[in-house]
Amino acid sequence: GREDDGLASLISNEFEFQEADSEGMNAMSQRVQQLTAVLSRVGRVLDRHRESHLATMQSDPDSADALRDSIPPPLWVLSEEEVVDWLWNSGDG
C-alpha cells in the first residue's frame, strides 16, 4: 500500500539523484579535458613564440630575467582607438 509507494518513490528519487550526479561528473570531466587541451595549445604557442625570438637574437641572454625582458609578449592590450583604427585602416583588419 502506502509504504510500498513511499519506498518506490524513495528508490526512484535515489536513482534520479545518482543519474544526475553521474551526468554532472561526466560534464565536469569533459570540461577538465577541454581545459587541459586548450592550455596545452597555449603552451605550444608560447614556446614557438619564445623559440622564434631566440632564433633571431644576436647573443644569448645572461640570466632568466634578461631572457624574459628580451622577448616581447605575444599579446598586448590595445586601446579602443587602436582597435578601431586597425579595423578600418589596416590591410589585415
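## His49 and its contact with Pro72

His49 is buried, with a relative accessible area of 18%; the cut-off for this class is under 20%. In this predicted model, His49 is placed in helix H1. Its side chain comes to 2.6 Å from the backbone oxygen of Pro72.

Burial of this kind applies to few positions here, as buried residues account for 2% of the 93 residues in the protein chain.

## Overall architecture

The protein chain contains three helices and zero strands. Read from the N terminus, the order of elements is α-α-α. Helix H1 covers residues 2-56, helix H2 covers 64-70, and helix H3 covers residues 80-89.

The accessible surface of the protein chain amounts to about 8500 Å². Carbon and sulfur atoms supply 56% of that surface.

## The salt bridge in helix H1

Side chains of opposite charge can pair when their charged atoms come close. The structure holds one salt bridge, and the partners are Arg50 and Asp47, with an N to O distance of 3.3 Å. This distance satisfies the criterion because a salt bridge requires a side-chain nitrogen of Lys or Arg within 4 Å of a carboxyl oxygen of Asp or Glu.

Both partners belong to helix H1, where Arg50 and Asp47 are three residues apart, or about one turn of the helix. Arg50 has a relative accessible area of 33% and is therefore partly exposed. Asp47 likewise has a relative accessible area of 33% and is partly exposed.

## The loop between H1 and H2

Asp60 lies in the loop that joins H1 to helix H2. With 69% relative accessibility, Asp60 is classed as exposed, the threshold for that class being over 50%.

The C-alpha atom of Asp60 is separated by 9.9 Å from that of Ser70, a residue ten positions away along the chain.

## Surface patches

Glu80, Glu81, Glu82 and Asp85 together form a negative surface patch. Asp85 is part of helix H3. Its relative accessibility of 44% makes Asp85 partly exposed, since that class lies between the limits of 20% and 50%.

A nonpolar surface patch of about 800 Å² is composed of Trp76, Leu78, Val83, Val84, Trp86, Leu87 and Trp88. One of these residues, Trp76, is located in the loop between H2 and H3. Trp76 has a relative accessible area of 63% and is accordingly exposed.

## Summary of the local picture

Helix H1 contains the buried residue His49 as well as the salt-bridged residues Arg50 and Asp47. Asp60, in the loop between H1 and H2, is exposed, and so is Trp76, in the loop between H2 and H3. Helix H3 includes Asp85, a member of the negative patch.

Technical notes. Residues are numbered from 1 along each chain as its sequence is written. This is a predicted model: local features need pLDDT of at least 70, side-chain atom pairs count only at pLDDT 80 or more; totals for chains, interfaces and linings use all residues. Side-chain values use heavy atoms; hydrogens and water are left out. Patches are made of residues with over 30% relative accessible area and no salt bridge: like charges are joined within 9 Å, nonpolar side chains (Val, Leu, Ile, Met, Phe, Trp, Tyr) within 5 Å. Accessible areas come from the Shrake-Rupley method with a 1.4 Å probe; for residues, only the protein chains shown count as cover. Lys and Arg count as positive and Asp and Glu as negative; His and the chain ends are not counted. The place of a charge is taken as NZ of Lys, CZ of Arg, CG of Asp or CD of Glu. Helices (H or I, at least four residues) and strands (E, at least two) are DSSP runs, numbered from the N terminus. Buried means under 20% relative accessible area, exposed over 50%, partly exposed in between (1.4 Å probe, protein chains only). A polar contact is a pair of N or O atoms within 3.5 Å; within protein, one must be able to donate a hydrogen and the other to accept it, and residues adjacent in sequence count only if both atoms are side-chain atoms.
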